[in-house]
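Trainee: Got a minute? I'd like to go through the strands in this one with you.
Mentor: Sure, put it up on the screen.

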Amino acid sequence: MNLASQGGDPLSGLYFVNFNQDCSSLSVGTKKGYRLFSLNSVDDIDEEIHRNDKEEICIVERLFSSSLIAIVGLSSPRKLRVCHLKKGTEICQNSYSNTILSVKLNRSRLVVCLEEAIHIHSMRDMKVLHTIKDTPPNPTGLCALSPHSDNCILAYPGASHAGEVQIFDTVTMVRTDFGVFIQQVKMMIPAHAGPLAALSFDTPGKKLATASEKGTVIRVFNVADGTKLFEFRRGMKRCVSIYSLAFSPDSLFLSASSNTETVHIFKLEQFSRVLTASASYLPTQVTEVFSQGRDFATVHLPYGNVRNICAFTVLDGLGDDKPGLPYSHGDSDRFRELGAAAEQPPPSLLKIHDDDEFPPMGSQVAE
């Protein structure tokens with residue numbers, strides 16, 4: 001989450017905050033440099049694993065738990081530096097035609113998003129493999145890259161006035177009539193009526209979650225063919241700004257944070273076939289209500305109207321008798337703990353909605 005383009009936080013001097021691909025660490029960029037925090041266990045939830053106080057940093061992205069990080073300084077917003085943490089050396093640097101708004105990376109690709117262009121690099125040698133030019137104006141640098149290098153898919157807005165998502169294959173090369181190999185847009189998904197606000201892949205890169213600027217409906221699509229898998233209603237009337245979407249490691253849950261104090265957790269499960277069949281005989285407005293899921297659980301933060309980011313992570317040191325956690329899955333998996341802005345909310349703030357499977361029938365907000 002890049003706050004520098006929005007002025008940052010004048011009180012804390014915070015410019016950037018984000019989780020790495022497997023949510024094992026948190027990266028923070030400030031006016032005094034950047035810091036990396038470990039999220040591997042309950043005891044070390046706030047352990048600082050690296051610190052650099054040399055300059056103002058507006059973007060800092062770490063590649064999983066490796067020593068490789070991508071950095072953009074506030075004084076040079078068009079320059080990307082790739083560095084080695086343990087050696088304290090700079091591996092390479094690249095300059096671009098405009099301000100870098102976001103950087104996404106996995107083990108195969110590094111993606112640099114500008115307002116009207118996206119550059120795709122190979123992680124092996126940092127060569128530019130492809131540049132997507134003349135993209136619709138994207139002032140926030142909204143895009144998502146699949147964490148899984150075997151399914152290396154990029155998603156970005158296909159329009160500035162509507163919620164179209166372009167799905168781009170960053171690996172597969174297509175031969176043109178002129179004998180040139182290029183990469184291509186895999187498909188376009190008409191996700192929402194309004195402009196997009198958030199995008200997120202699950203860990204295998206097979207599902208894509210989307211939200212629009214209205215923030216009332218969240219949808220999950222199959223990346224392979226663009227079909228809609230799930231649709232969740234965050235609220236009925238109140239429009240909010242969705243700040244982040246995140247899948248759990250097993251792709252069974254989806255979290256959504258916004259400018260409100262509530263983080264919603266949705267369970268990815270199909271509705272009853274009987275209910276679905278019955279709803280098909282009802283008016284369209286009523287059918288849409290029945291087909292939309294509601295949150296499985298919520299986490300209430302002690303503040304609102306503050307930009308935030310949330311994620312699921314697996315923490316060592318949590319036992320099966322711990323209360324207030326959204327989900328456990330067998331002996332081999334630890335409880336999933338929701339990290340919102342890198343803070344663990346008190347268990348009393350978590351509510352599980354066992355009897356609230358369907359939303360109340362009422363007025364709809366076009367999404």
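**Strands and their partners**

Mentor: One thing before we start: this is a predicted model. Let's begin with a single pair: Gln-166 has Met-188 in β18 as its bridge partner.

Trainee: OK, and how many bridges join β15 to β18?
Mentor: Six, with β15 covering residues 163-169 and the two strands running antiparallel.

Trainee: What's the strand order in the sheet they belong to?
Mentor: The order is β13-β14-β15-β18, an open sheet of four strands with antiparallel pairing. β13 (144-145) and β18 (185-192) are at the edges with a single partner strand each, so each has one side without a neighbour in the sheet.

Trainee: And what holds paired strands together in general?
Mentor: Backbone hydrogen bonds, whether the strands are parallel or antiparallel.

Trainee: Switching topic: is β20 mostly covered or open?
Mentor: Mostly covered. Strand β20 spans residues 207-212, and five of its six residues are buried.

Trainee: Which strands does β20 pair with?
Mentor: β19 (residues 196-201) pairs with β20 in the antiparallel sense over five bridges. Strand β21 (residues 217-222) also pairs antiparallel with β20, again over five bridges.

Trainee: Can you give me some residue pairs to click on?
Mentor: Try Phe-201, whose bridge partner in β20 is Leu-208. Then go to Ala-209, which has Val-220 in β21 as its bridge partner.

Trainee: What about the turns, which glycine has a positive phi in the β19 and β20 hairpin?
Mentor: Gly-205, at about 75 degrees, in a hairpin with five residues between the strands. In the hairpin of β20 and β21, four residues lie between the strands, and Gly-215 takes a positive phi near 75 degrees.

Conventions:
Residues numbered from 1 in each chain as written. Predicted model: local features only at pLDDT ≥ 70, side-chain atom pairs only at ≥ 80, totals over all residues. Heavy atoms only, no water. Pairing = 2+ DSSP bridges. Buried < 20%, exposed > 50% of the residue type's maximum accessible area, 1.4 Å probe, protein only.
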